[in-house]
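Biologist: I am new to this structure and would like a close look at a single part, namely the loops that join the strands, followed by whatever they lead to. Please take me through it slowly, and say what kind of model we are looking at.

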Amino acid sequence: MLEMSECENTQTDSNIITEEFIALEDFSATGAEQLSFSAGDTLLVHEQVCADWWWAERSGCFGYVPSAFLHRRVEDVEDAWQDEEYFSSYGTLKLHLEMLSDRPRTETYRQVIVSNCAALRGKVVMDLGCGTGVISLFCGRLAQPAAVYAVEASSVAEHTEKLVKLNRCDDVVTVFRSRAEDLMLPSKVDVLVSEWMGNCLLVDVLVSEWMGNCLLFEFMVESVLRVRDRWLKDGGMMWPSSASLSLVPCQAHADYSQKMEFWENLYGLDFSCLQPVAREEFFSKPKFSHQLDPDDCLSSPCDVITLDMHTLSVSDLEKLRGEFRFTIERAGTLHGFAAWFSTFFRSLDEGGQPLELNTGPHAESTHWKQTLFMFDGPIGVEEGDCVGGAITLQRNPIWRRHMSITIEWRMKRRNDTTFSEKSSKRFPMWR
Ligand SMILES: NC(=[NH2+])NCCC[C@H]1O[C@@H](n2cnc3c(N)ncnc32)[C@H](O)[C@@H]1O
């Protein structure tokens, strides 16, 4: 990032304005003339002194701020939710085929309905984001609810109507083609069931063919919470009832070899000057759908963030932080961390056993697989070493389906008494 001194020599770039901007990320001032701020803060920019540094004000304090951390106010950004692209991606069968083909995922929801079928008798259920309606059909065919509201915003809802009739559930299941937040319903519901989870729990990554194979992100959990607050009866059940993000320090020799070491000797030629470019291109963002080999786990995994879906609030989603402390259980190479999620479904029966969908490396593989966060360089580790730190999921204040994940860590070698300096790496998803 440009230093202040270079900036002051470029007065010609100066541009006097008075415009509000939103901070995308936290910024900690490194000098008295700079102004610190947090993600989501509104800053009043008075002068774009040069391309990289602007003179701004926040709550009566003035200082230089890095322009890269700022974005025009959200109302200037059309469609911060990118709903048109998002829902269009679900209008074709491709993504529904992928989800329905995911046996552990779909079978878990079927098991939830089967094991609660007695308690579901006479209940009103909402299936939020029902897609083709498979969960609603499980309810209609395997239990005797009073009513099932199958809510789907994309055009796949036309097919869902037909599937409900074909499977003789139209006496119980009603399809609403609507964004769930915009619904007007005849009654509140006893159970709100939804399959909203994503690769890093909160954000699912879609390859949008509608948008020319560009990546799109879901952030469906906000819709689930808003609908819960409006339509779930007091004491009603959320399925999943809770969700947790798990993390483990891991090896990734294949990825490091194929993307980094690859350039060292290419047909007898030295391409190693491309390694910094490769690092930026391949390791600066999370690697989704990574199949983590259990033998590449260097420690036992731990749950770093747990969400109680009955009490979690939308504002909690802006920034979620979890701490971790791993003891390395066998010598190896620490290439980074792998993450995945688990969801839990409380029983409607008092004392009934909860059900779990675990998408980790030790469970049957799902379409999400795991997510790999690669460090810039590998770290040799020995049994007994310790890796401590924190993971932060910071939602993008502008692009509401986007977030960034920052991992901070320190190492303590087994014979040392103190931890190393803190290392930190931010992985944007996507802006
Ligand atoms: N686990 C995930 N990563 N996604 C699986 C569920 C996605 C389904 O929910 C629909 N959907 C998503 N958000 C909404 C919403 N707010 N209202 C209605 N349908 C929705 C979406 O169109 C798609 O059919």
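Modeller: Let us start with L201, whose place is in the loop between β9 (189-194) and β10 (205-208), and keep in mind throughout that this is a predicted model. Although L201 is not a glycine, its phi is positive, at about 75°. L201 is counted as buried because its relative accessible area is 2%, and the limit for that class is under 20%.

A second residue of this kind is K369, which is likewise not a glycine and yet has a positive phi, here of about 50°. K369 is found in the loop between β18 (355-358) and β19 (370-381). Its surroundings are described by another word, however: K369 has a relative accessibility of 27%, and therefore counts as partly exposed, a class that lies between the 20% and 50% limits.

Another loop, the one between β12 (232-239) and β13 (242-250), holds P240. What deserves attention there is the peptide bond that joins W239 and P240, since it is cis, with an omega of about -5°.

The loop between β20 (386-395) and β21 (403-412) is the place of R401, and this residue leads us away from the loops and into a helix. R401 has a relative accessibility of 3%, so it counts as buried. Its side chain makes a polar contact, at 2.6 Å, with the side chain of D83. D83, the partner in this contact, lies in helix α2, and with a relative accessible area of 17% D83 is buried as well.

Helix α2 in turn brings us to the ligand, because α2 (83-89) and α3 (94-101) each supply at least two residues of the shell around it, where helices are DSSP runs of at least four residues. In total, 21 residues surround the ligand, and the closest are E152, A180, E195, D204 and E218. Sorted by class, this shell has nine nonpolar, six polar and six charged residues.

Some individual distances can be given for the ligand. A polar side-chain atom of E181 lies 3.0 Å from a nitrogen atom of the ligand, and a polar side-chain atom of S223 lies 3.2 Å from a ligand nitrogen atom. For G129 it is a backbone N or O atom that comes into play, lying 3.4 Å from an oxygen atom of the ligand. On its own the ligand has 530 Å² of accessible area, and the protein covers 99% of that area. The space that the ligand takes is the largest cavity.

To finish, one more loop gives a sense of distance across the chain. A146 has its place in the loop between α6 (134-142) and β7 (147-152), and since its relative accessibility is 46%, A146 counts as partly exposed. A146 and N396 are 250 residues apart along the chain, and their C-alpha atoms are separated by 40 Å.

Definitions and conventions. Residues numbered from 1 in each chain as written. Predicted model: local features only at pLDDT ≥ 70, side-chain atom pairs only at ≥ 80, totals over all residues. Heavy atoms only, no water. Near = heavy atom within 4 Å. Polar contact = N/O pair within 3.5 Å; in protein donor to acceptor, adjacent residues only side chain to side chain. Areas by Shrake-Rupley, 256 points an atom, 1.4 Å probe, with all protein chains shown as cover. 1 Å grid on protein atoms, 1.4 Å probe; cavity = no way out; pocket = protein on both sides within 12 Å on 5 of 7 lines; lining within 4 Å. Sits in = over half its atoms within 2 Å of the grid points. Nonpolar A, V, L, I, M, F, W, Y, C, P; charged D, E, K, R; others polar. Buried < 20%, exposed > 50% of the residue type's maximum accessible area, 1.4 Å probe, protein only.
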